[in-house]
Amino acid sequence: MTENENFKNLKHLYNRAGFGLHYSELQKLCRTKLNKVVSDMIEKAKVDMPLTTIAPDHIKSVMLKNAGLTKKEGLSPEQLKERQKHLVSLNKQLKNLNTEWVFRMMDTDSPLREKMTLFWNNHFACREEGNPYFAQVLNNIQRKNALGDFKILLIEVSKSASMLNFLNNQQNKKGRPNENFARELMELFTLGRGNYSEKDIKESARAFTGWSHDAAGNFEFNPKNHDNGIKAFFGKEGNFSGEDIIDMILQKPEAAIFIARKAYRFFVNDVPNETHVQELGNHFFKNKYNISALMNKMFTSEWFYAPENTGNKIKSPVELIVGLSRQFNVTYKRQEIILQLQRGLGQTLFYPPNVAGWAGGRNWIDSSSLMLRLTIPSQILNDSSLNFSAKTDPDDENIVAMKQMDDAALEAKKGSSRIEINWEKFWAEFPEDYTIQQIADYILQCKPSSQLNEIIKNSVDKKNTIIKTVCTPEYQLC
């Protein structure tokens, strides 16, 4: 492989396994063999860097349930005031958690760690309605195990307070089984439809009875609520526990194929090549669900760098914001801007639309969101007032309250610079003799259209031309 080919492949690798890479950094890397770069990238991403925004001692202060203030009606004026106070505290902590993660993605020197956490965060989509600390714990589980043993990741996620609450396993008790968790465990987390029966769901739900958590969010097994009876699962009978069910699921090669397909769609192509998926899944299964082995196989396969798999994926809103910010050395002085961007583009971290997560791909684009995506880069790079309506769920009290707080904060702080772009550092990344065409070609992952080439050809203002480049449909792809 020539140095130019290696440069091109590494650029693609860092767009998919991270959020892009500065030209100078890529120039240094392209002298190293691709397999070595992948290996080093994976090893570096294994280092655990937990989020620490919310301290454990804040748990009780944000639990409306403990305060008896979950209902909206029938409360006294004093109780309503106390409820609002709790909501403000909860929203502030959730906002801080959200922006800590986004800023981590923007600043990290290990982008694969954050990209894998983003992948698992959507794979195990979960809304923590009552306690942001539980959401932080779940995110840290996902990042700690992001490139480790999938079985350990699956068990720890399943036992987290956030997931137990979100999928109602707190209500899963002997004689009154709740099937929500058991169903999603197989449908969305491990096997996919067609690889289990309704009876398997009902019987496995009994195995997870008694799985709950204490007030601090620690996993708790309650034997009084557990069904010790014989269960029939996947054609076998026994007094199965929840851990037994997970073991039996992972004994099926279909589980490895399912995870491989999800990873393929996230990192490679929205339309899976089933031959490549089978290749990845078999490798994953053979390596006993070692996630590092799966990702190493993917990132070192020739087909990962094939033309049909480059410059063809629509960036998620978070990938768009983070990638733009890293490329242009953007500093946000107001955390409210980060939240406003997420809501406006339709992806607010820690608020997935449902248990299936964000669908991704072409679902990111519709008639209104495309125009917004094409104008936001200009608004950021020109530090102009962000002017758009955020997409919110009117029934979601927490996120609506958070939006109102952020809008009020932005209004109060108008008149001062809220964004800084280090243009000097951006230009310094490229060789002095580089033309605007070459710089534009680098920041895009697909070929510029003839219309964009004409704009670049007639350029008289370098900065304005680059801003126009990132406001094109081509920049939406990676």
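**Exercise 1. Is F150 buried or exposed, judged by its relative accessible area?**

Before we start, note that this is a predicted model, in which local features need pLDDT of at least 70 and side-chain atom pairs count only at pLDDT 80 or more, while totals for chains, interfaces and linings use all residues. Residues are numbered from 1 along each chain as its sequence is written, and side-chain values use heavy atoms, with hydrogens and water left out.

*Solution.* Step one: the relative accessible area of F150 is 0%. Step two: buried means under 20%, exposed over 50% and partly exposed in between, with a 1.4 Å probe and protein chains only, so F150 is buried.

**Exercise 2. Classify the aromatic pair of F150 and F284, and place it in the chain.**

*Solution.* Start with the rule: rings of Phe, Tyr and Trp (its six-membered ring) pair if their centres lie within 6.5 Å; planes under 30 degrees apart are stacked, over 60 edge-to-face, and the rest tilted. The structure holds 35 such aromatic pairs. In this one, the ring centres are 6.4 Å apart and the planes meet at 65°, so the pair is edge-to-face. Next, locate the partners: F150 belongs to helix α8 (residues 150-158) and F284 to helix α14 (residues 274-286), 134 residues apart, so the pair links distant parts of the chain. Helices here are DSSP runs (H or I, at least four residues), numbered from the N terminus. Finally, F284 is also buried, at 0% relative accessibility.

**Exercise 3. Describe the surroundings of F150.**

*Solution.* First, list its contacts (heavy atoms within 4.5 Å). Leaving aside neighbours within four places in sequence, F150 touches W120, F124, F189, T190, L250, I259, F284, Y289 and I291. Then turn to the largest nonpolar core, a set of buried Ala, Val, Leu, Ile, Met, Phe, Trp, Tyr and Cys residues joined through side-chain atoms within 4.5 Å. Of its 129 residues, L13, F150, F299 and F328 touch the most other members. Helix α13 (residues 253-267) gives the largest share of this core, nine residues.

**Exercise 4. Which lysines lie over the faces of F219 and W427?**

*Solution.* Apply the test: NZ of Lys or CZ of Arg must be within 6 Å of the ring centre and within 35 degrees of the ring normal. Over F219 we find K159, at 4.7 Å from the ring centre. Over W427 we find K462, at 4.4 Å from the ring centre.

Terms used. Helix = DSSP H or I, 4+ residues; strand = E, 2+ residues; numbered from the N terminus.
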